[in-house]
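Q: I would like to learn how to read nonpolar cores, domains and a helix face in a model. Where should we start?

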Amino acid sequence: MSIPRLRELTVDAPADREEAVVAAVYRMGVQGVEVRDASTANVPAGRVVVVAWLPPSPVASRAIRGLRRRLGADVRCTWRDVVITWEAEPAATPIGARFVVVAPRTDPALSDPARLPLVLDAHLAFGDGLHPTTVLCVEALERRYAPVGPASVLDVGTGTGILAIVAARLGATRVVAQDIDPLALWATRRHVADNAAGVDVVDTLPDARFDLVIANLYFAPLLALIPALAARVATGGELVVSGFNVEARDRVVTACVAVGLIVREAEERDGWGLLAAVPG
Ligand SMILES: C[S@@+](CC[C@H](N)C(=O)[O-])C[C@H]1O[C@@H](n2cnc3c(N)ncnc32)[C@H](O)[C@@H]1O
């Protein structure tokens, strides 16, 4: 893997504008931000520093210039290009019955040869294989390919690309991975190449329909996207969603039923839930 360069955006703002700054940065499509307040070295009382990372691109530069204009004079907005040295631990994390997540520099002796390796350097996007929702989704995919499963799969909120790569490994003939976070898209493209997986990576939801739509999303975007996800399920196809606490499961069920889906399966793991539904 070549060493990636990223654009590091730093916004220094009055502490009472933290929420507005974080919201503005998130609107740029960034999913992860670091917020440093006055308890952090070098941040004076009454100020807050928000740091985010984007792939260097003309789009990122334009978005940063727009942010500068919108936030006003008492907010200092700077950026610089940084080199990220990959730091993923050389670990091997078994996931599901058939896979093991390995970091690029993992000694093969650490890995279980009976499992299929997923080479992921996961510290820039969500999806290192440890979170219960990712595990639930990988297990759901494995259940569907025993031995033959859905031909086409759309993975919404792909993060590192882990679910899309698993679907391709299990035999899906067409896999599309989508995310809105530029870093997730960038990480997924690298991982798709590193794993030689047949996956298309896109930043907007495709218009096509798929035999399986799988979406492990944060709760708010998940609820908001259920109609759009349902609209992409082919006749005879299925929607699998995760990313919600089990206490919130009824709200996800209600959202599914409201768009004509029939919920057929509910799984849980460590307080997190997964639902599978089919068109009614
Ligand atoms: C919980 S992570 C899941 C990552 C991976 N699929 C997994 O199972 O480990 C959620 C992902 O959804 C993405 N996301 C959030 N809102 C989204 C939206 N409205 N549309 C598409 N992706 C979104 C985030 O950028 C993040 O990568």
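A: The model is a predicted one. Start with its largest nonpolar core, which has 34 residues. I95, L118, L141, I162, V166 and V199 have the most contacts inside this core.

Q: Which helices and strands each supply at least two residues of this core?

A: They are β6 (99–102), α3 (132–144), α4 (162–170), β9 (174–178), α5 (182–194), β11 (210–216) and β14 (272–279). The largest share, eight residues, comes from α4.

Q: What does I95 touch, leaving out residues up to four places away in sequence?

A: The contacts of I95 include V100, V101, L118, V135, V138 and I162, and also R115 and E142.

Q: How many residues are in the other core, apart from that one?

A: That core has 22 residues, among them V156, V213, C256 and L275.

Q: Where do the domain bounds fall?

A: The domain assignment gives domain 1 as 5–83 and domain 2 as 92–279. Their C-alpha centres lie 30 Å apart.

Q: Why do buried residues of a helix fall on the same side?

A: An α-helix has 3.6 residues a turn, so residues three or four places apart point the same way. Take helix α6, residues 219–230: its twelve residues reach 16 Å from first C-alpha to last, close to the 16 Å expected. L222, I226, L229 and A230 are buried in α6. These residues cover an arc of only 90° around the axis, which puts them on the same side of α6.

Q: What lies on each face of α6?

A: The buried residues pack against β8 (152–156), β11, β12 (233–245), α7 (249–258) and β13 (261–269). The face turned away from the buried side carries the exposed residues A220 and A224.

How values were computed
Residues are numbered from 1 along each chain as its sequence is written. This is a predicted model: local features need pLDDT of at least 70, side-chain atom pairs count only at pLDDT 80 or more; totals for chains, interfaces and linings use all residues. Side-chain values use heavy atoms; hydrogens and water are left out. A nonpolar core is a set of buried Ala, Val, Leu, Ile, Met, Phe, Trp, Tyr and Cys residues joined through side-chain atoms within 4.5 Å. Buried means under 20% relative accessible area, exposed over 50%, partly exposed in between (1.4 Å probe, protein chains only). Helices (H or I, at least four residues) and strands (E, at least two) are DSSP runs, numbered from the N terminus. Contact means heavy atoms within 4.5 Å. Domain bounds come from an automatic or database domain assignment. The expected span of a helix is 1.5 Å times one less than its number of residues. The arc is that of the directions from the helix axis to the C-beta atoms.
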